[in-house]
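Start with the whole chain, then follow a few residues into it. Keep the sequence and the structure side by side as you read.

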Amino acid sequence: MRIRSARRSDLPVLQDIERAAGEPFRALGMAFVADDDPPPLDLLESYRQAGRCWVATDPLSATGDRPLGYVLADPVDDALHIEQVSVDPAAARRGIGRGLIAHLAAVAARRGMTALTLTTFTDVPWNAPYYARIGFRVLREEELTDGLRTIRGEEAQHGLDRWPRVCMRRELAAVPPPKTARTVAQPQLLPDTSGASGASETVAVGGGA
């Protein structure tokens, strides 16, 4: 599996993935979710231009470099918030969603963020129970940040609170700062007493771990 930044030509494919990923909700009586429109192209393009849209591909498969899943993210308070992560059901159970989230965790850690967050349905097997298995925990109401409260309010206005939803968070290990090169000075040489003209010089050489 390869994870890369999305290209403009990928965006219609991401819409197709979103439509396909919504269909399993229909079997749970959540047709409202299944019928929800995918993100519009201009919104996807804004994420792409901001460098916050990644896709997963399988270059060794028949699909080649065609996206099989994607993730969108927003900085929210001290965390990188997973706005959307979707995988084509035809490519399910191949670790694509987990790989996208792991990539996002690495990006967030490099940017100095302390966590990943998301909102999701409590009782959908591939939602909250899945995220709990990969290290997310449900946040209590008093733990919600202002940004997460705003997101939950927007979701409620969109009608997603017809079914129980929660906010979840996964803490990230801090990335140690890169080691800096240090300059090591060699001991100063003794003065030349052989009678040759000129004096020896102290030589500094760059070194690093």
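Helices here are DSSP runs of H or I at least four residues long, strands are runs of E of at least two, and both are numbered from the N terminus. Counted that way, the protein chain has six helices and nine strands. The model is a predicted one. The chain holds 209 residues, and 41% of them are buried. Its accessible surface is about 12,100 Å². Carbon and sulfur atoms account for 54% of that surface.

How far along the sequence do the contacts reach? Take the contacts between residues at least 6 apart in sequence: 69% of them join residues at least 24 apart. The residues below give examples of contacts across the sequence.

Begin at the N-terminal strand. Arg2 sits in β1, which spans residues 2-5. Arg2 is partly exposed, because its relative accessibility of 36% falls between the 20% and 50% limits. Which residues does Arg2 touch beyond four places in sequence? They are Arg7, Val55, Ala56, Thr57, Pro59 and Asp65. Thr57 is 55 residues from Arg2 in sequence, yet their C-alpha atoms lie 5.2 Å apart.

Thr57 also serves as a reference point for Tyr70. The C-alpha atoms of Tyr70 and Thr57 are separated by 9.2 Å, with their positions 13 residues apart along the chain. Tyr70 belongs to strand β3. Is Tyr70 buried or exposed? Its relative accessibility is 0%, so Tyr70 counts as buried. The contact list of Tyr70, leaving out residues up to four places away, includes Leu14, Ile17 and Glu18. Pro39 and Leu44 are among the others, as are Trp54 and Val55. Gln84, Val85, Ser86 and Leu100 also touch Tyr70.

Now turn to a helix pair. Two packed helices are described by the angle between their axes and the distance between the axes. Helix α1 covers residues 11-22, and α3 covers residues 41-49. The two pack at about 115 degrees, with axes 10 Å apart. Their crossing is right-handed. Which residues meet there? From α1 come Leu11, Pro12, Leu14 and Gln15; from α3 come Leu41, Leu44 and Glu45. By type, that contact has five nonpolar residues, one polar and one charged. Two of its members were named above: Leu14 and Leu44 both touch Tyr70.

Look more closely at Glu45, in α3. Is Glu45 buried or exposed? At 12% relative accessibility it falls under the 20% limit, so Glu45 is buried. Outside its neighbours up to four places away, Glu45 touches Arg8 and Leu11. Leu11 is one of the α1 residues in the helix contact.

Two loops come next, and here the backbone is the point. Most residues other than glycine have a negative phi. Asp77 has a phi near 55 degrees, a positive value in a residue that is not glycine. Asp77 lies in the loop between β3 (69-76) and β4 (79-87). Its relative accessible area is 45%, which makes Asp77 partly exposed. Arg93 also has a positive phi, about 65 degrees, and is not a glycine. Arg93 is in the loop between β4 and α4 (96-110). How open is Arg93 to solvent-sized probes? At 88% relative accessibility, over the 50% limit, Arg93 counts as exposed.

Farther along the chain, find Thr122. It lies in the loop between β5 (115-121) and α5 (128-133). Thr122 has a relative accessible area of 28% and is partly exposed. Pro164 is 42 residues from Thr122 in sequence, but the two C-alpha atoms are 5.5 Å apart. Beyond four places in sequence, Thr122 is in contact with Ala128, Pro129, Pro164, Arg165 and Val166.

Finish with the cysteines. How many disulfides does the whole structure contain? A search finds zero. Cys53 has a relative accessible area of 2%, under the 20% limit, so Cys53 is buried. Cys167 is buried too, with a relative accessible area of 3%.

Conventions. Residues numbered from 1 in each chain as written. Predicted model: local features only at pLDDT ≥ 70, side-chain atom pairs only at ≥ 80, totals over all residues. Heavy atoms only, no water. Buried < 20%, exposed > 50% of the residue type's maximum accessible area, 1.4 Å probe, protein only. Contact = heavy atoms within 4.5 Å. Areas by Shrake-Rupley, 256 points an atom, 1.4 Å probe, with all protein chains shown as cover. Disulfide = S-S within 2.5 Å. Axes fitted to C-alpha atoms, helices over the stretch in contact; angles between N-to-C directions. Left-handed = near helix turned anticlockwise from the far one by under 90°. Nonpolar A, V, L, I, M, F, W, Y, C, P; charged D, E, K, R; others polar.
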